Amino acid sequence: MTDATDLMRMYLAEPDQPFPPVELADPSGLIAFGGDLSPERLLTAYSAGIFPWYNPGETIHWYCPDPRSILVPTDLRVTKSHRRSVTTADYAVTMDRAFGEVMANCAGPRASENGTWIGSDMLAAYQRLHQLGHAHSVEVWRDGELVGGLYGVARGRSFAGESMFSHARDTSKVALYWLCAQLTAWDFALIDCQVSSSHLTSLGAIDVPRADYLHLHTPAAARPGLAGPWQFEIPVPHSPNHLPA
C-alpha cells in the first residue's frame, strides 16, 4: 500500500485506537503498524485474530493473513518416529514451569536462519502476558535440562502458537503432542499456526481462508478461558529424574 490515506488508516497513533477491519489487510496480511505491545493491545489483537510480526528495531507490524494456517488439536499428524519419541517417555513434560527460558530458546539463533524476530521488546511483552495468565509454555526436560518446548497465547478456547524449539531430536514435536492432547481435553477449537510452513503442514496444519479461520476462532476466543499458570490435567511423563532440581 502506498496511498497516503491507506497508510494513515493503518497507523496506530493512539493507545486506544482500534485496529482496522481485517478485510482491509493488504495482500501480505498487513493490517496495521505502530502502536505498542501493551497487554491491552496484544489481547485485543489476539482476540481479533491479529498478531505482531516484525524484526527487532523495526516499527511494530500487525498481521491477519489470508489464507491462515491452523491445526485442529485432534488432527495432529503423528508419524511412527514421532510416536516413538512420545512413547519412549525418556523425558518429563510440564506447562508454564519455565516460560521465560522457553521464549529465550525460541529467540536464539538457528542453523537454518539468520537473526530472530523475537526481540527484547517481545520477550518483555510476552513474559508480562504470561504473568497475567494469558501466555503459556510447554517444556520438555531430560536429565534436568530443558531440551525442547513451545509457547503461545490463549484467548478463550483458541490458542495462538508463537514459536517452538528443539535441542534434542523431536522434542518440539513431543511438546506439541502433549499440548494438543491437553487442549483437546479442554475443548480448544484450534491452534492458530498463523503462517504456513512445510514443517507445520507435515504435522497436520492446513491453510484455510481467513474468513473460515475467523469463523472458528471468534466464537472460540469468546468462550471462558482458563486462568494461568497452566498445569497438565491429563497423565503425562513426569519422572523426577528428568525434572530440574
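About 180 Å³ of space lies in the second largest pocket of this structure, which is a predicted model. The residues that line this second largest pocket are Val 93, Thr 94, Met 95, Arg 97, Pro 229, Trp 230, Gln 231, Phe 232, Val 236, His 238 and Leu 243. When the lining of the second largest pocket is sorted by class, seven residues are nonpolar, three are polar and one is charged.

From an open pocket we can turn to an enclosed space. The structure holds one cavity of 30 Å³ or more, and the volume of the largest cavity is about 50 Å³. Its lining is made up of 13 residues, and those that lie nearest the centre of the largest cavity are Tyr 46, Ala 160, Asp 192, Tyr 213 and His 217. Which elements each supply at least two residues of this lining? They are strand E8 (145-155), strand E9 (158-166), strand E10 (190-194) and helix H8 (210-222). By class, the lining of the largest cavity divides into six nonpolar, four polar and three charged residues.

Asp 192, which is among the residues nearest the centre of the largest cavity, also leads to the next topic, the salt bridges, of which the structure holds four. In one of them, Asp 192 is paired with Arg 68, and the closest N and O atoms are 2.7 Å apart. Because Asp 192 lies in strand E10 while Arg 68 lies in strand E5 (residues 68-71), the pair ties together parts that are 124 residues apart in sequence. Are these two partners buried or exposed? Both Asp 192 and Arg 68 are buried.

Another salt bridge joins Asp 90 to Arg 142, with the closest N and O atoms 3.8 Å apart. Asp 90 is found in the loop between helix H3 (80-88) and strand E6 (92-95), whereas Arg 142 belongs to strand E7 (residues 135-142), so this pair ties together parts that are 52 residues apart in sequence. Asp 90 has a relative accessibility of 39% and therefore counts as partly exposed, and Arg 142, at 25% relative accessibility, also counts as partly exposed.

A further salt bridge is formed where the side chains of Asp 187 and Arg 223 meet, at 3.2 Å from N to O. This pair links distant parts of the chain, 36 residues apart, with Asp 187 in the loop between helix H6 (171-185) and E10, and Arg 223 in the segment after H8. Asp 187 counts as partly exposed because its relative accessibility is 46%, and Arg 223 is partly exposed too, with a relative accessible area of 33%.

The last topic is the cysteines. A disulfide is a covalent bond between the sulfur atoms of two cysteines, and to count as one here, the two sulfur atoms must lie within 2.5 Å of each other. By this rule the structure has zero disulfides. Why is Cys 180 not bonded to Cys 193? The sulfur of Cys 193 is the closest cysteine sulfur to that of Cys 180, but the two are 8.4 Å apart, which is too far for a bond. Seen from the other side, Cys 193 is in no disulfide, and the nearest cysteine sulfur to its own is that of Cys 180. As for their surroundings, Cys 180 counts as buried because its relative accessibility is 2%, and Cys 193, at 13% relative accessibility, counts as buried as well.

Notes
Residues numbered from 1 in each chain as written. Predicted model: local features only at pLDDT ≥ 70, side-chain atom pairs only at ≥ 80, totals over all residues. Heavy atoms only, no water. Buried < 20%, exposed > 50% of the residue type's maximum accessible area, 1.4 Å probe, protein only. 1 Å grid on protein atoms, 1.4 Å probe; cavity = no way out; pocket = protein on both sides within 12 Å on 5 of 7 lines; lining within 4 Å. Points joined across faces, edges and corners; volume = space filled by probe spheres on them. Helix = DSSP H or I, 4+ residues; strand = E, 2+ residues; numbered from the N terminus. Nonpolar A, V, L, I, M, F, W, Y, C, P; charged D, E, K, R; others polar.
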